[in-house]
Amino acid sequence: MTATMTWLARPRPMGGLVERALERAIALTYGVAYDRVVRGFAPYQALLDDIVDVLARAGRGRPLRVLDVACGTGTVARRLARAGHTVTGLDLIADLVARARRQPSAGVTFVHADVTTGTGFAAGTFDACVSLHTLNWHPRPLALLDECRRLLGPRGHALIACYTRPAALRSTFGAVRAINGFGAAVSALRWLAPTAIFEACRHYDARYPDVPALHDELAAAGFDIIESRPVFLAGVSRLVWARLSDNPESDSLL
Ligand SMILES: C[S@@+](CC[C@H](N)C(=O)[O-])C[C@H]1O[C@@H](n2cnc3c(N)ncnc32)[C@H](O)[C@@H]1O
């Protein structure tokens with residue numbers, strides 16, 4: 001489900017009415033499709049539960065001010081709010097933000113902004129930044145991470161989930177079957193098939209940093225890794241919990 005968003009996030013060289021209408025239609029379609037795919041999809045819900053658990057450890061169970069960077073339709077933001085955090089979801093695509101706002105949840109607000117060119121929040125506004133499946137294709141990953149760093153308070157943490165290899169249909173199906181069995185592999189098609197369709201329809205520029213490259217990227221942006229492990233569909237993604245480097249005395253926010 002990443003390819004369309006990459007395409008949508010590109011600058012519009014012509015900026016014509018037809019192009020804008022097409023982008024809007026794709027954003028709306030993507031939003032509907034994405035919400036249908038993830039609703040009740042066990043591997044995705046397990047990933048969200050995992051993120052909730054890591055945040056609980058980071059904050060020692062206290063509620064945090066969390067920024068969900070590139071929140072899409074807001075699934076992560078709502079889940080974190082249900083866990084008791086105060087969450088701001090931020091996304092570049094206005095139609096996705098509008099869709100997110102149509103599914104209100106206590107403790108969440110959604111903001112339309114570009115994380116790489118200015119979010120409008122004061123430095124140190126958040127205790128934690130969370131970003132799910134965005135860093136691996138974003139054209140300016142360091143700009144995204146720089147803004148996360150600026151927005152975090154002095155003891156702030158980042159949770160980044162990033163693909164380290166493509167969620168290719170055949171290889172991921174095989175990997176899930178080998179680890180979790182045939183039934184789980186068939187279930188995984190719910191994610192893998194739409195991803196394959198989007199990737200077949202759109203040119204996109206995803207990159208798949210290996211683990212050392214991903215860690216180097218976070219280090220270059222000023223973060224120290226606390227925990228890093230494979231997650232989601234036979235480990236196609238990597239969940240990294242990191243903290244600001246100038247914060248050596250504690251691995252917890254509180
Ligand atoms: C693959 S989607 C992930 C959505 C969400 N994190 C999730 O996993 O459900 C990537 C998201 O990044 C957003 N995005 C891309 N560039 C962005 C930017 N510069 N600032 C904010 N959001 C951006 C896209 O609009 C899209 O919603």
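Start by selecting G181: this glycine sits just after helix α7 and takes a positive phi of about 100°. Keep in mind as you click around that the model is predicted.

**Helix α7**

Step back from G181 and select residues 169-180, which make up α7. Try a distance between the C-alpha atoms at the two ends: you should get 16 Å. That agrees with expectation, because twelve residues at 1.5 Å a residue should span 16 Å.

Now show side chains. Which residues of α7 are buried? Pick T172, F173 and V176. They share one side of the helix, because the arc they cover around the axis is only 105°. The general rule behind this pattern is that an α-helix has 3.6 residues a turn, so residues three or four places apart point the same way.

Rotate to the other side of α7 and you'll find R170 and A178, both exposed. Then turn on residues 182-201: this is α8, which is part of what covers the buried residues of α7.

**The core**

Next, go for the largest nonpolar core, which has 62 residues. Good ones to highlight are V69, A128, C129, V130 and L159, since these touch the most other members. Add strand β5, residues 152-163, to the selection; its seven residues are the largest share of this core.

Zoom in on V130. What is it in contact with, leaving aside neighbours within four places in sequence? Look for I51, V66, D68, V69, V76, L80 and L159.

**Around the ligand**

Center on the ligand and select the 21 residues around it. A70, G72, L92, V115 and L132 come nearest. Color the shell by class and you'll get twelve nonpolar, seven polar and two charged residues. To see some of the elements involved, select α1 (3-9), α4 (75-82) and β2 (86-91), each of which supplies at least two residues of the shell.

**A stop at H112**

Now find H112, in strand β3, residues 108-112. Is H112 buried or exposed? In between: H112 is partly exposed, because it has 15 other C-beta atoms within 10 Å. Not counting residues up to four places away in sequence, H112 touches D91, A94 and V97. For another distance, go from H112 to A98, C-alpha to C-alpha: they are 14 residues apart in sequence and 8.7 Å apart in space.

**Zoom out**

Finish with the whole protein chain in cartoon view, with its nine helices and seven strands. Of its 254 residues, 40% count as buried. Among contacts with a separation of 6 or more, 69% are between residues 24 or more positions apart.

Note on methods:
Residues are numbered from 1 along each chain as its sequence is written. This is a predicted model: local features need pLDDT of at least 70, side-chain atom pairs count only at pLDDT 80 or more; totals for chains, interfaces and linings use all residues. Helices (H or I, at least four residues) and strands (E, at least two) are DSSP runs, numbered from the N terminus. A residue is buried if 20 or more other C-beta atoms lie within 10 Å of its own, exposed if 12 or fewer, and partly exposed in between; C-beta atoms are placed from the backbone. Two residues are in contact if their C-beta atoms, placed from the backbone, lie within 7 Å. A residue is near a molecule or strand if its C-beta atom, placed from the backbone, lies within 6 Å of it. Ala, Val, Leu, Ile, Met, Phe, Trp, Tyr, Cys and Pro count as nonpolar, Asp, Glu, Lys and Arg as charged, and the others, Gly among them, as polar. The expected span of a helix is 1.5 Å times one less than its number of residues. The arc is that of the directions from the helix axis to the C-beta atoms. A nonpolar core is a set of buried Ala, Val, Leu, Ile, Met, Phe, Trp, Tyr and Cys residues joined through C-beta atoms within 7 Å.
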